[in-house]
Amino acid sequence: MFSINQWFFKPSSPRVFTFFRIAVAVFCMIQIIKLYPDLLNVFGQYGFNRADVVSVTQAPFMPRITWISDALLPLGIGEVSVIYGLFGFYLLTLLGLVLGYSNRLFAGLALFCHLLFFGSGKMFMYGVDYFTTSALFYCLILPSTQAFSLRSFRFLGQVKASAYATFIKRVLQVHLCLVYFFGGISKMLGVHWWTGEGIWRAVSLPGFNNMDTTWMANFPNMLMVMGWIVLLTETFYFVGIYIKKTRPIILLAILGMHLGIGLTMGLYQFATIMILFNFTAFGWDYMQELFGANRFRQLFERFRLRLSF
Amino acid sequence: MLQTYQKVLLLGFFILHIGAICWYNLYALNTYQKPEVFEQLSKPGQQVFLQLKRILPYNIPTAMRPYAHFCGTDTGYSLFAPNVPSAISVFFELRDADGNTTIKFPELESRSGLDRFTVNLATYKSFEEIQPLMAYGWASRMLEIYPDYTAITVIIGSHRMPNMQAYQSGERSKFLETVRYEFELD
């Protein structure tokens, strides 16, 4: 019988969160480094979106770079220096997160830096930035320093199972189920995703078309079926992912969808963060079921990092 | 082992966190009430939405906003829904003191930056009241990048992609200008 206590608090290994913490930190590093040439264009108060214009969309509580640059102006430190300084500091906090020392401190600082950038470039932000915020928020609250961290020099050694780890995993899982449910249900109300037109338009949107996909117009039935798969996978993700037999199908379909978004629309970052969320919430456990916990461990032990003084 | 009070606190957090996600997503569905969006829904979709709209929240509680912003859930997840919209495009006509003109596209240095500008254009649609100000921001930046020019026209429009059938019969993407803003340096 379903028990809330068991579902939320049956102790489980927090090892997956070690993977999540490191992967999110590396992802954020790559994300901000790729944006380096455009830091002033996107986040500067005289960039493509003027600070006074952006401020219309900002609530007073939203952190923004001008909080810091205005405070440092009397010291002769201008906005440009603040933006580049913040860029460096953000990278340092992410490095701290990778190393896993004072995890919560570095996760908190990284989240704050990310929110400063986010608030200043609000009009340039999209799905990937919201999910990055969520990922850093989860890094702040998840138990991830038991392994592969400066606090504990082991990658695959004994890691204590904990009820808290299960709880956080459930939060992540339900969050993801809601992401897809609302995404699916809102598409279902329209027309495009039933007829295949949704896929066609998405892959050929000017500005996003990463490769020539015009040949797809010759296969309307294929696009229609793909549209249905998107609708069904997203809307019923929350059911399928918890049924043992359908879990691999759902995982494969979602993985395929995100890889497709990455390849055809060029939204690699969005695709990566979504795959990362899926792997952490469901994929890791599924891999363990598939290979067996010990087999899975043996597989990784070949690459085991031995740290010693 | 967690104590009972710790479990209760954690479950409280769960309800708050998941509740905020649901709230924002249901709130986001309110945009479907706009006539121009409602008419894009399928007939059964319209019927479902009319039932659904009774339970939609009409505002976001003030206390929920900072929390949701802090954990990245202050958004709806209905990407490309109900339908995939036409893409907004912008280009600039720069003019120098002698009257010579040149056409430029947004000058961003990285693919990542360009992707974001494209997204910015999608945001543009949802901020009707500040559209001229956004155009002014883009124009100012372009004049900074090209200091030899003294005037700029921001031309905004949308790319109408033909449907699959029309594409097969030879129709191609069309740019339809919707508005232009002109700015000149003093």
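R95(B) finds its bridge partner in strand 2 of chain B, at T101(B). In this predicted model, that bridge belongs to an antiparallel pairing of strand 1 and strand 2 of chain B, which runs over four bridges. Five residues sit between the two strands of this hairpin, and G99(B) takes a positive phi there, near 90°.

The hairpin is part of something wider. Four strands of chain B make up an open sheet with antiparallel pairing, and their order is 2-1-3-4. Strand 2 (101-104) and strand 4 (174-184) of chain B are the edges, each pairing on one side only. From one strand to the next the twist averages 25°. Moving inward, strand 1 (residues 87-95) and strand 3 (residues 151-160) of chain B pair in the antiparallel sense over nine bridges, and F92(B) has V154(B) of strand 3 as its bridge partner. On the other side of the order, strand 3 and strand 4 of chain B are also antiparallel, with 10 bridges between them; here S158(B) is matched with L176(B) of strand 4. In a regular strand, side chains point alternately to one face of the sheet and the other. A helix also belongs in this picture: helix 6 (residues 131-145) of chain B lies across strands 1, 2, 3 and 4 of that chain, and runs at about 120° to strand 3.

Just ahead of the sheet in sequence, the backbone has a couple of oddities. The loop between helix 4 (64-70) and strand 1 of chain B holds P82(B), and the peptide bond joining A81(B) to P82(B) is cis, with omega about 0°. F80(B) is found in that loop between helix 4 and strand 1 as well. Its phi is positive, near 55°, in a residue other than glycine. Is F80(B) buried or exposed? With 20 other C-beta atoms within 10 Å, F80(B) counts as buried, because 20 is where the cut-off for burial lies.

Chain A is another matter in its secondary structure: 16 helices and zero strands. Of its 309 residues, 46% are buried. Contacts there reach far along the sequence, too: among those between residues at least 6 apart, 72% join residues at least 24 apart.

One helix pair in chain A gives a good view of the packing. Helix 2 (residues 15-34) and helix 15 (residues 268-291) of chain A pack at an angle of about 175°, and their axes are 10 Å apart. So helix 2 of chain A is roughly antiparallel to helix 15 of chain A. Helix 2 of chain A brings V16(A), F19(A), F20(A), A23(A), V24(A), F27(A) and Q31(A) to the contact, while helix 15 of chain A brings Q269(A), T272(A), I273(A), L276(A), T280(A) and W284(A). By class, that comes to nine nonpolar, four polar and no charged residues. Two names from this contact, V24(A) and I273(A), turn up again in the largest nonpolar core: that core has 114 residues, and V24(A), A110(A), L136(A), C139(A) and I273(A) are those with the most contacts inside it. Helix 9 of chain A gives the most to this core, with 12 residues.

What do the two chains share? Contact between them involves 58 residues of chain A and 64 residues of chain B. On the chain A side, the elements giving two or more residues are helix 3 (39-43), helix 8 (127-141), helix 9 (163-188), helix 10 (192-195) and helix 11 (197-203). Helix 9 of chain A supplies the largest share of that side, 13 residues. Sorted by class, the side of chain A that touches chain B has 35 nonpolar, 17 polar and six charged residues.

A last stop in chain A is L263(A), which is found in helix 14 (residues 247-265). L263(A) is partly exposed, with 15 other C-beta atoms within 10 Å. Leaving aside residues up to four places away in sequence, L263(A) touches N210(A) and M211(A). T133(A), by contrast, is 130 residues from L263(A) in sequence, and the two are 24 Å apart in space, C-alpha to C-alpha.

Terms used. Residues numbered from 1 in each chain as written. Chains lettered and ligands numbered in written order. Predicted model: local features only at pLDDT ≥ 70, side-chain atom pairs only at ≥ 80, totals over all residues. Contact = placed C-beta atoms within 7 Å. Nonpolar A, V, L, I, M, F, W, Y, C, P; charged D, E, K, R; others polar. Core = buried A, V, L, I, M, F, W, Y, C linked by C-beta atoms within 7 Å. Buried ≥ 20, exposed ≤ 12 C-beta atoms within 10 Å, placed from the backbone. Axes fitted to C-alpha atoms, helices over the stretch in contact; angles between N-to-C directions. Parallel < 35°, antiparallel > 145°, perpendicular 65-115°, else oblique. Pairing = 2+ DSSP bridges.
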